[in-house]
Each structure stands twice: as C-alpha cells, then as structure tokens.
Amino acid sequence: MIDHANDSNFESRVLNSNTPVLVDFWAQWCGPCKMLAPVLEKVAANLEGKVDIVKIDVDENPIVASTYDISSIPTLILFKDGKPVGKIVGFRPAEQIEAAINGALNK
Amino acid sequence: MYDIAVIGKGPAGVSAAINANARNKSVILFGVDSKKVLSSPSIPNYPGLPDIKGTSLVEMLCNHLEETSAVVSNKKVNAVYSMDDSFTIQAETEMFEAKSVILAAGVDFKKSIENEDTFLGMGISYCATCDAPLYKGKTVAVVGYNQESIDETKFLSEVCSKVYFIPLLKGDYQFSNNVEIVKDVPVKFDGDMKAKKLVLQNSEIAADGFFILKDSYPLTTLIPGLEVEGPHVVVNRHMETNIKGLFAAGDVTGKPYQIAKALGEGQVAALTAVEYMAKK
C-alpha cells in the first residue's frame, strides 16, 4: 500500500528523504486519480528501493498543494534531495511513469 | 470484460467491429453515425459502388453491424485508461473494461486557442467537475463552446468566488451575481509557469484558473499517454500505437481522409488486436 503524507510531515517524509520520492497529488472526488491508484501500486512494486511513492490529498493539505502550484490533478512530482526534478500532469500508463522516473533519476 | 472496445462508428470503427466479430471476439462499439459520411451527397471513388450516397452507405454499414453480435453504445467516451493488462473506458458516467482498444474517432479540425496546449494542466482545465474544487473561493474564467458549459458555469459559480463566462455559443443563460458574462473572442493565454490571463480581442481577463468546455478534446486528453502528431495518432503499418493493446484506424491516423482507406485500416487494426490477444 502507498503511504499518505501530509502538510506537517511533508518535510521529513519527502524533502529530507534519502531516497527519491514520487508524490501523487490527488483528491477523493477526482476520477482519473482513482484510476491512477492501482497503476502507482504497480510502479511502486517495480521500482522498490529506487523510489518511494506517497500520496497527498490536496483538499486536506492545502499548504503543500499551493506551494507546488497544483492546478489540475492527478499531478505527480518526483523529488530528489528535496527538489522537484520531474512532473507529470494527468493519468499515464505504468510503463510511461517508470520511464519518466528512470529518465529523471539517470540525468 | 470485452475483448475489444472500438471508439467511433464511422467506416473504420464499423470495419474493425465486423472483422473482430468474424474472429469470434466480443466487441463493444461506442459512437454515433458518421456525420461526415452522412453529409456526402455522393461518393464517386468507392470501388464497385459508383456514386453511392453517403446516407445509403451509412445505412448499409449499420445493417451489416447489426448482423454481428457487437454491442453498440451511443455514449460519449470521455477517457480511456491503459491499466497495463486491460483498459478502462469511461463513457459519460459509466465504466467499461476491455482487453484491447481500437481508436477510430475521426479527426477534429477545430483549432485550439493559442497556448491552450502549453498550459493544459497548468491553470487550464477541460473538466469543471474534475478540477473545480481546486479553485474554491478563487476567480476562474470559462470559455464555453457547448450547452453543457452553461451548467458547468453554474456549478463553478457555487464553488468559486467569481466566474467570468465567455460564451462561444448562442443560447439563453442566467447565472448568479458572481458570474460576469464577457462577449468577446479569445485570442491567447499568457502566463509563466501557469496560465495567468486570457487575452481577448477587446479585453483581458486575469484569473486563477481557466476552463475550456467543448465537445471534443485533444486525443491526449481522451487517451492520456498517447503519442500524437498534430491531430493524428502515430501508428505503424499494423495500426499499433505507442500504448500496447491500443490500435487506431481511419481519419484519426492521418491522410488521405477516404472511406476505402478507413475500412482497410479498421480491418488491419482488428486483426492486429486479435493477434495481440492471442500472444497474451
């Protein structure tokens, strides 16, 4: 299962993480976000050890959502050493998400 | 779960459904009769049937389709999600599942507003129902092309503090006090990291978010992750797209926009889909 992060633990859970973290900005009312959930479970399993994945509910965590200017969901942002290094807006198949993560981390 | 979902009821879609059915595959086809074919007074280059009328050809295609066991739905497909081993198809409020998908949705020549594509997902949204809550208490602008955009604007006015409505349709509408109607023609979007204002012929609107509500959306909105080139899907000779299990046929794959070419591609797409399922 993918962990949930929030406004208060975002710094420790994401920004200060030693492992790159993919953050899934989502909300209960968002259909494409629900479709993305099983896809991300798969990506998490395939890239275990290489990248962590956490979810952030944008309704419950407005601070992080506005810091990163989330204007459409789902939005995926990959953080490495506390900085965003890649962003995907909208649903994508698992293959493409994995390729984007690998591409961003191997730069 | 269906074996094959066909999106589009033009010649390519009907051909794909007939051929898939001939190979004993279960098929669901989404779409309505092709307006483009229906409005052709005569089709002079269809081999063997010189000068057949568009309306007659559509009738014959429909009759042939009815002889198959393909399920036909006139629901509008909003999105196709590739779930790796299968596809989930959202058609209006219903969800359908299929092992493979053949896209035969035709081609749309409507131009988008300058920078619409650049800022999509970054201040520009095609779905009020999806993204309205992100703009709670904020200012948004709606570019409305269709009847639904009126209802969506009403919905947005309940969530947002201020809504600008730019109607690109004729009709009657009445909104609450926080909706300002701007009768002007959109030219382009401006911004930096995200869209910040909409420039119109005679004015400018600054807003936190912009909603563009129209009948047909870019292919990459319909099928997230699909590789396209302008208004066309990139395919190879087997009608395979960059998404495995997803094939395309007809006008959507590019010129020539001809019925005979669409029928042929529909057949190739169906046979490739059958082969794809056999290998799985």
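This note goes through paired strands in chain B and two nonpolar cores in a predicted model.

1. Strand 11 of chain B, which covers residues 186-191, pairs with strand 12 of chain B, which covers residues 195-200, and the two run in the antiparallel sense over five bridges. To find one of the matched positions by eye, start at B:Phe189, whose bridge partner in strand 12 of chain B is B:Leu198. Strands 11 and 12 of chain B form a hairpin, with three residues between them.

2. Strand 12 of chain B also pairs with strand 13 of chain B, residues 204-206, again in the antiparallel sense, and here the pairing has three bridges. In this second pairing B:Lys197 stands opposite B:Ala206, which belongs to strand 13 of chain B. A hairpin of three residues makes the connection from strand 12 of chain B to strand 13 of chain B.

3. Turning to the interior, the largest nonpolar core has 37 residues, and the members that touch the most others are A:Val23, A:Phe25, A:Ile73 and B:Leu156. Strand 2 of chain A, residues 21-26, gives this core its largest share, namely four residues. A further core, lying apart from that one, holds 33 residues, including B:Ala104, B:Met239, B:Ala249 and B:Met277.

4. Which residues does A:Val23 touch, if those up to four places away in sequence are not counted? The contacts of A:Val23 are A:Phe10, A:Val14, A:Val54, A:Ile56, A:Thr75, A:Leu76, A:Ile77 and A:Phe79.

Methods:
Residues numbered from 1 in each chain as written. Chains lettered and ligands numbered in written order. Predicted model: local features only at pLDDT ≥ 70, side-chain atom pairs only at ≥ 80, totals over all residues. Heavy atoms only, no water. Pairing = 2+ DSSP bridges. Core = buried A, V, L, I, M, F, W, Y, C linked by side-chain atoms within 4.5 Å. Buried < 20%, exposed > 50% of the residue type's maximum accessible area, 1.4 Å probe, protein only. Contact = heavy atoms within 4.5 Å.
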